[in-house]
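Me: I'm new to reading protein models and would like a close look at one part of this one. Could you take it slowly and keep it informal?

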Amino acid sequence: MTTIDKLIGITAQHNEIVKRVGNGSLDPDNVRKALQDIIEGKFPEIKPPKAAITHVLAKQPTWYVSAVEQLKKVMAFNAALDWGFQDSDFPAIPGYRPSDPNEVLMLAVSLPPKGRKSGLHRTFDELWNLIEAPDGYTKYRWDELKATTKLLRQAPGYSHTPGIRWVVFDPNAYRGKSPEAALKQSKIDSVQLAGLEVLMAALLFPTWTTSWNGGSSPYPNMSALQFYWNSDWSDVPCLSRWDDNRQLELDAYWAGNSNAGWSSPSVREC
């Protein structure tokens with residue numbers, strides 16, 4: 001039986017094929033032949049190693065939401081909130097192999113500017129507004145943490161490119177290091193730190209926020225972003241959960257502060 005999830009996945013794959021034929025990265029004659037083979041039921045026999053598949057699936061944390069469900073959720077947001085993306089902008093779900101047990105596949109959205117609001121600041125505000133607090137909790141955002149040009153920017157070396165892309169997200173990267181130290185080390189490691197992707201993860205994986213314990217699941221800094229406080233770009237936005245106050249909080253703290261219970265999540269393209 002064909003489910004709506006399967007139809008969404010096939011539509012996304014079809015749109016990706018059309019996009020790649022259009023930009024010249026796929027040969028149109030080869031694509032037509034492959035599609036005709038599918039229509040005629042001529043499928044190549046592919047038997048991926050079962051051990052490899054089990055290895056990948058075993059690494060998904062309990063809070064993870066499938067790629068198909070992520071795609072379905074983002075498509076719904078795009079339609080309801082007029083994000084401005086076309087069906088062809090949604091990439092097909094890629095195959096990937098984790099290089100770390102904590103890594104997961106995630107759909108990341110970077111919104112285009114709208115009116116006088118930049119894409120970076122629009123995405124920051126919209127994702128936070130969409131995130132739902134865990135049951136019994138409320139959301140809190142530090143009043144001073146405004147998404148404006150004067151107060152919020154990307155760390156040096158990072159830029160905001162509107163679009164939708166699949167990334168491999170590691171929520172435990174650089175655990176125990178200060179955001180400042182993580183940014184410095186990530187450049188040596190050629191690793192991209194997460195900024196808006198932290199908000200995206202909290203939106204797509206609602207129970208990720210309830211898993212934070214400062215141990216196996218650290219609290220996340222957004223170390224690819226910087227917040228201006230007092231007289232310098234000295235702070236970094238972060239998410240936390242305070243059980244005493246029953247709040248999911250969006251704050252900013254000094255980038256030089258290190259804590260064993262915190263991480264600077266990373267992302268890599270796939």
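Does glutamine 247 count as buried or exposed, and at what relative accessibility?

Reply: Happy to. Keep in mind that this is a predicted model. Glutamine 247 has a relative accessibility of 19%, and the cut-off for buried is under 20%, so glutamine 247 counts as buried.

Now for where it sits. Glutamine 247 belongs to strand E9, which covers residues 247-254. What does glutamine 247 touch, once you leave aside its neighbours within four places in sequence? The list is Tyr137, Thr138, Tyr140, Ser240, Arg241 and Trp242. Three of those names lead us onward, because strand E8 runs over 232-242, and Ser240, Arg241 and Trp242 carry numbers from that stretch.

So let's step into E8. Aspartate 235 is found in this strand, and it is buried, with a relative accessible area of 7%. If you skip residues up to four places away in sequence, aspartate 235 touches Leu225, Gln226, Phe227, Trp229, Ala252, Tyr253, Trp254 and Ala255. You can also look at aspartate 235 together with serine 223: they are twelve residues apart along the chain, and their C-alpha atoms are separated by 9.2 Å.

E8 also brings in a helix. The buried residues of helix H6 (residues 179-189) pack against strand E8 (232-242), and also against strand E5 (192-193) and strand E7 (225-229). Which residues of H6 are the buried ones? They are Pro179, Ala182, Leu183 and Ser186. They cover an arc of only 100 degrees around the axis, so they end up on the same side of H6. Flip to the other side of H6 and you find Glu180, Lys184 and Ile188 exposed.

Let's pick out one residue from that buried side. Serine 186, in helix H6, is buried with a relative accessible area of 1%. Leaving aside neighbours within four places in sequence, serine 186 is in contact with Tyr158, Tyr174, Val191 and Leu193. Follow the chain to just after H6 and you meet serine 190, which takes a positive phi of about 60 degrees.

You can read another helix in just this way, so try H4 (residues 67-81). With 15 residues at 1.5 Å a residue, H4 should span 21 Å, and its end C-alpha atoms are 21 Å apart, which agrees. Its buried residues are Ala67, Gln70, Leu71, Val74, Met75, Phe77 and Asn78. These cover an arc of only 160 degrees around the axis, which puts them on the same side of H4. The face turned away from that buried side carries the exposed residues Ala79 and Ala80. Just after H4, aspartate 82 takes a positive phi of about 55 degrees.

H4 has a helix partner to look at, too. Two packed helices are described by the angle between their axes and the distance between the axes. For H4 and helix H7 (residues 196-204), the axes come within 11 Å and cross at roughly 105 degrees. H4 and H7 are therefore roughly perpendicular to each other. On the H4 side the contact is made by Gln70, Lys73, Val74 and Phe77, and on the H7 side by Met200, Leu203 and Leu204. Sorted by class, this contact has five nonpolar, one polar and one charged residues.

Terms used
Residues numbered from 1 in each chain as written. Predicted model: local features only at pLDDT ≥ 70, side-chain atom pairs only at ≥ 80, totals over all residues. Heavy atoms only, no water. Helix = DSSP H or I, 4+ residues; strand = E, 2+ residues; numbered from the N terminus. Expected span 1.5 Å × (residues − 1). Buried < 20%, exposed > 50% of the residue type's maximum accessible area, 1.4 Å probe, protein only. Arc of directions from axis to C-beta. Axes fitted to C-alpha atoms, helices over the stretch in contact; angles between N-to-C directions. Parallel < 35°, antiparallel > 145°, perpendicular 65-115°, else oblique. Contact = heavy atoms within 4.5 Å. Nonpolar A, V, L, I, M, F, W, Y, C, P; charged D, E, K, R; others polar.
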